[in-house]
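This briefing covers strand pairing and one area of surface. Please read it alongside the sequence and the 3D view.

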Amino acid sequence: MKKNKVKHSSRFVIALVIVVLSSTLCSAQSILKEEYNDSIRKLPYFSIHKNNYFISGVPTNKHIDRNTANAKYQISFKQMISRDALPWDAYLFITYTQKAFWDIYKESLPFSDINFNPSVDVGKAIFNKNNELQGILGLSLEHESNGRDSIASRSWNRLTANYTTTILKNTTASFEVWLPFMYKENNADLLEYVGLGEINISHEIKRNKLYAEVMVRKGLNFNGKGVVRSRIYYNPFKRNLSNQYIMLEWYLGQAETLLDYQQSRSIIRLGYVIKSNEFNWFKQRK
């Protein structure tokens, strides 16, 4: 039965990949290969990887009190190993992301779970026949765990392929598929909740001021397991210093935290974010 679920979910993921990639054929970018290579050489060795944020909020599907409201924060960075391109014009990075769930409204302010996600990444730009940037292709070897032992231990490893491109004006899509391996016995059914991939779509509503974003992930099942995470970013400052925004997030689904990945959540949080500019090459140019 599980093999059939994996097979059907794999077909679903492959179909999404084809849709995303085929939609880029008519979406040539205005950044030329020479400009891209120059910008790579100017990038700092150490920089933000995913968004860095601190947000807090309340559930929408249960009673609100100090036991159900919480805070979530994320720290994420990357280190470029070398500015010199590898074979096939690829670049090598190491990354680290840490996501924590903090019960700040309880008396002792305990952390309910902390998830650690280091990785080694190879990235390569894809250009069309006119040497215009078409997309960014990446391959990552990732480990993710909550650093606990005994029955509270959760961990998995995966080989992740991702592709980021512009699909519409001011709209960027990032698609990921992963091949998991080396499961812990305590989370053998994790794929029933996280699936084999995810898609992120980000739309710039007002330049450097207002963004909308949605992430979708489907578990290996025929029911409602999975997640839809929507975010709105608003820059309240007159000048966009260091990509600082106010973020409103609604998380609906499972696997927000490794420890309680089977638990369904509907929670709205608001807070401060330093937004990643990792794929600013795809922003609409003036």
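## Strand pairing and a nonpolar patch

Strand 10 (residues 210-218) pairs with strand 11 (residues 226-234) in the antiparallel sense, over nine bridges. The model is predicted. Strand 11 is also joined to strand 12, and strand 12 to strand 13. Strand 13 in turn pairs with strand 2.

**Strands 10, 11 and 12**

- Val 216 stands opposite Val 228, a residue of strand 11.
- Strands 11 and 12 run antiparallel and are joined by eight bridges.
- Ser 230 has Trp 250 of strand 12 as its bridge partner.

**Strands 12, 13 and 2**

- Strand 12 (residues 244-253) runs antiparallel to strand 13, and 10 bridges join the two.
- Glu 249 is placed opposite Arg 269, which belongs to strand 13.
- Strand 13 (residues 265-274) pairs with strand 2 (residues 52-59) over eight bridges, again in the antiparallel sense.
- Asn 52 has Ile 274 of strand 13 as its bridge partner.

**Nonpolar surface patch**

- A nonpolar patch of about 940 Å² lies on the surface, and the residues that make it include Ile 81, Leu 86, Val 120, Val 122, Leu 139, Leu 141, Leu 179 and Phe 181.
- Two or more residues of the patch come from each of strand 5 (111-127), strand 6 (133-145) and strand 8 (171-181).
- Phe 181 is part of strand 8.
- The relative accessible area of Phe 181 is 32%, so this residue counts as partly exposed.
- That value also meets the patch cut-off of over 30% relative accessible area.

Conventions
Residues numbered from 1 in each chain as written. Predicted model: local features only at pLDDT ≥ 70, side-chain atom pairs only at ≥ 80, totals over all residues. Heavy atoms only, no water. Pairing = 2+ DSSP bridges. Helix = DSSP H or I, 4+ residues; strand = E, 2+ residues; numbered from the N terminus. Patch = residues over 30% accessible without salt bridge, like charges linked within 9 Å, V, L, I, M, F, W, Y side chains within 5 Å. Areas by Shrake-Rupley, 256 points an atom, 1.4 Å probe, with all protein chains shown as cover. Salt bridge = Lys/Arg side-chain N within 4 Å of Asp/Glu carboxyl O. Buried < 20%, exposed > 50% of the residue type's maximum accessible area, 1.4 Å probe, protein only.
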